[in-house]
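Thanks for coming. I will go through one structure today, starting with its sheets and ending with a few backbone details. Please have a look at it first.

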Amino acid sequence: MTQGASLLAATAPVDSTLSPSDSLRFFKERLRAGKDALYQHYDQGVPVTRLVRELSELIDAVLRDVWTLHLSESSAAALVAVGGYGRRELHPASDIDILILIDAEPSPPLIESIERLLTLLWDIGLAVGHSVRTVEDCVREAEADVTVMTNLLEARWLAGSEALFQDMRTATGPDRLWNSERFFAAKTQEQRARWQKYGDTAYNLEPNIKENPGGLRDIQMIGWVAKRHFGAETLHELVDHGFLTEAEHQTLIGGQTLLWRIRFALHRLAGRHEDRLLFDYQRTLAHQFGFSDGENNLAVEQFMQQYYRTVQELNQLNEMLLQLFGEAILLHDDIGPPVPINKRFQSRSGYLEVTSPSVFRRTPIALLEVFHILQTHPELEGVRASTIRLIRENRHRIDDSFRADLRARSLFMEILREPIGLTHAMRRMSRYGVLPAYIPAFANIVGRMQYDLLHVYTVDEHTLTLLRNLRRFVIPKHDEEFPLCSAVARRIPKLELLYLAGLFHDIAKGRGGDHSSLGARDAWDFCQHHGLSAFDSRLVCWLVEQHLVMSMTAQRKDIGDPEVIQSFAALIGDPTRLDYLYLLTVADARATNPGRWNSWLDALLRELYYSTRRALLRGLDNPQAQDELVAQKQAEGLRLVARYGVEPDACQALWQRFNRDFFLYNSPDEIAWQTRRMLETGPADWPLVDIRPITARGGSEIFIYSRDRDNLFARTTAALDQMGLNIMDARVMTTSDGMVVNSYQVLDRDGAPIDDPLRLGEVREQLAARLAEPTQARIRVTRTASRQHRHFPIETRVCFSVDEPNQRTIMRLTTLDRPGLLAEVGAVFEQCGIRLQNAKIATVGAEVDDVFFITTAEETPITCEQALSCLRREIHDRLEARPAA
């Protein structure tokens, strides 16, 4: 079939003498042949703009023939295409929205004919959305609902009474209902609500290409307003009306075409109506669109970067056009007199604008000045659309000579130092293309996604969100959000250094190599170029290079170990660096995936901050001895239990059976609570299962005191997992007389501690009941992993190191997250005779990165290579044999 052939070329009108069953077969075959031809055209490279029109023509022909079979041309009814079908924008699995227009209440024969028509349409496989209305019905429904009005705005006659159709168009015209002002205001409010539903960002991991900001709905929004106000039938007419330049129109159409291509391919791939770019389809679509994996960039990341950059550009055009529409429609182009600000800028109706279209050409430095003025004039609502256009047209003037200009460098640093407005300034600079032009390395991360479940934003959006988080730490009205961060931020001597570290911390992602080291070099060059001292430049570079170390230490090391704290403190060096790094770490973690930020991670970082600060103030050459720390914790524990009338001698007698780890790795309040519960419980009550709803460590503590038994860790973790609890930390200890003292820090399904009394009771009762079952009864976790996880094949890796000071082995496990994982690992430990002392549980997106502190049964490090190989093999075989569901 040639590219010039029509999908309708091989079809013939329906034979009206066919039986119902023959008609059904005829139409099914006609649609099948049409779809086959459509896909053949697509594979041959026919432009998608033509394909969506040809599919609409095919459906037009089918519907007209079905209408002819069931309703005569003389019937007082009309068949009308509405919605996307009315616009002739059909994709392979689009809904076919139709209106059957009637002139009065339908007679029984007409109702029967309409029912037969609709039944046939559904039987031949068309997803028809329909309504049957009189002209009066249309007016009433449209007046009450702007969505109905929008559908009718795109109505297109197909068959039946054209006069009836014209009556409806006249009755619902802008001179009768929903005039331009009211329609524009309602659609603007509708768009704002839709954006909020999708998080006010186009950068979701699995974006909706139709509904997300910058998606197809935003383009349709422009078309609807243009049609209602100007009677425009095409977007190009906005060029004639002076709302778009020819170049902007090309950008708009080019963006729409790409989104149409993606949607067309997505419908075909999914085999159904699907507008979400799910992980299920992203890799396949990337290869269909011609991308291939590069050395530093996956094909899917390149494909998604093209998508994100496109919707960002469309989002900018939408913002600019809606502002211009608002001036024309709501203000009737009466935008008031200008209020001078300086020679280059003025305010008009609350928006900043240039005094002359030649400002940026004559004074390119004004491309930065515009954002500084917005900071120093908070009464301004934003930048006027005409000035946004001029910024876009002149941003090419930000070149090497511009960046070398002392005035530009000074102004950029002034923007960073301003006490208000930094977040909005940086977001606007990025949105209008000024930030990527001024910092070329930033251009590389615009729209760059990371194909995993951890990073929910593109790198540029993540960076701007991090800056917002840092800014909130210094704004008094947000003090209650993160009190420690707010207090620390007030001690920061130069906040602009913190902002620069945030701006550069991920700037080298996607370039190969260690992005922290590469970013540090970029930061050094920038700081030196902008006149910062060597001391300040080194601090910024150090923060960029070390921006992950605090998070990794908190989540992967035992921060209850004084040796870990001493080593971390030595890396930090002084309290001021610690303050900077702590703020950067919290802001970074929250900006990476807000849904995964929780009280547990907050408490971990806070504990590490306090412990490190104490070590630094104590002096790096004066580390705290473990015996000293144990003595301090015991003394504090005794003081706390004394409040409940517990005798010190009873505590000391109990503690004689415990090893040093119980005191090293538990806080005084944990020691006191666990000790009190153990002393209050007799053998008849074993196994003891108790829960503290909220602890200083940010989670709920589940405490188990029992006689040692086989598979206790595996059974416990399986039971907790089955109940939907996320285990954040596990501390496992056996006393000298064979009692198990196990503590688990958990979060509930919503990532918060368990605070519902009913839920607490349910967890306590179910866990106690399952631990009381016979040892051989194995608990199986029947929960399934999320749909998203299966798209991230992560190799299971096990590595070992020896913790000499604490006489134990550290096992690090990296694998795909799945329900029941800890239970499987625990079963291997039991099988191999391994004793577990402690576990640090960390899930990074779909990847588990857990650390287990283990010993032999005799509580010595595992040093035999044969034993380690066996353990590695058993874990690998067990986990690979039971992949995530």
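Two strands count as paired if DSSP finds at least two bridges between them. Keep in mind that this is a predicted model.

With that, take the sheet of strands 5 to 8. It is an open sheet of 4 strands in the order 5-6-7-8, and its pairing is mixed. Strand 5, residues 339-340, and strand 8, residues 382-383, are the edge strands, each pairing on one side only. Strand 7, which covers residues 351-354, pairs with strand 8 in the parallel sense, over 2 bridges. Within strand 8, Gly382 is the residue that stands opposite Tyr351. Helix 15, residues 366-376, lies across strand 6, strand 7 and strand 8, and runs at about 45 degrees to strand 6.

One residue beside these strands deserves a remark. Ser349 lies in the loop between strand 6 and strand 7. Its phi is positive, about 55 degrees, although Ser349 is not a glycine. Most residues other than glycine have a negative phi. Is Ser349 buried, exposed or partly exposed? Its relative accessibility is 40%, so Ser349 counts as partly exposed.

Now the other sheet on my list. This is an open sheet of 4 strands with the order 3-2-1-4, and here the pairing is mixed. Its edge strands are strand 3, residues 128-134, and strand 4, residues 156-160. From one strand to the next, the twist averages 25 degrees. Strand 1, residues 77-81, pairs with strand 4 in the antiparallel sense over 4 bridges, and Ala81 stands opposite Arg156 in strand 4. Helix 4, residues 108-123, packs on the sheet and touches strand 2 and strand 3, with a direction at about 170 degrees to that of strand 2. Helix 5, residues 135-144, packs on the sheet and touches strand 2 and strand 3, and its direction makes about 110 degrees with that of strand 3.

Arg88 belongs in this part of the talk, in the loop between helix 3 and strand 2. Its phi is near 65 degrees, a positive value in a residue other than glycine. With a relative accessibility of 37%, Arg88 counts as partly exposed.

Next, the cores. The largest nonpolar core has 115 residues, and Leu63 and Phe325 have the most contacts inside it. Which helix gives the largest share of this core? That is helix 13, residues 299-329, with 16 residues. Leaving aside residues up to four places away in sequence, Phe325 touches Phe184, Ile222, Val225, Phe230, Leu238, Phe243 and Leu330. A second, separate core has 100 residues, among them Val383, Ile415, Leu604 and Leu747.

Last, a pair of helices. The axes of helix 32, residues 648-655, and helix 34, residues 668-680, come within 11 Å and cross at roughly 95 degrees. Angles of 65 to 115 degrees count as roughly perpendicular, and helix 32 and helix 34 are therefore roughly perpendicular to each other. On the helix 32 side, the residues that meet helix 34 are Ala650, Cys651, Leu654 and Trp655. Helix 34 contributes Ile671, Thr675, Met678 and Leu679. By class, this contact has 7 nonpolar residues, 1 polar and no charged ones.

After helix 34, in the loop between it and strand 9, lies Pro687. The peptide bond from Trp686 to Pro687 is cis, with omega near 0 degrees. Most peptide bonds are trans.

That is where I stop.

How values were computed: Residues numbered from 1 in each chain as written. Predicted model: local features only at pLDDT ≥ 70, side-chain atom pairs only at ≥ 80, totals over all residues. Heavy atoms only, no water. Axes fitted to C-alpha atoms, helices over the stretch in contact; angles between N-to-C directions. Parallel < 35°, antiparallel > 145°, perpendicular 65-115°, else oblique. Contact = heavy atoms within 4.5 Å. Nonpolar A, V, L, I, M, F, W, Y, C, P; charged D, E, K, R; others polar. Buried < 20%, exposed > 50% of the residue type's maximum accessible area, 1.4 Å probe, protein only. Core = buried A, V, L, I, M, F, W, Y, C linked by side-chain atoms within 4.5 Å.
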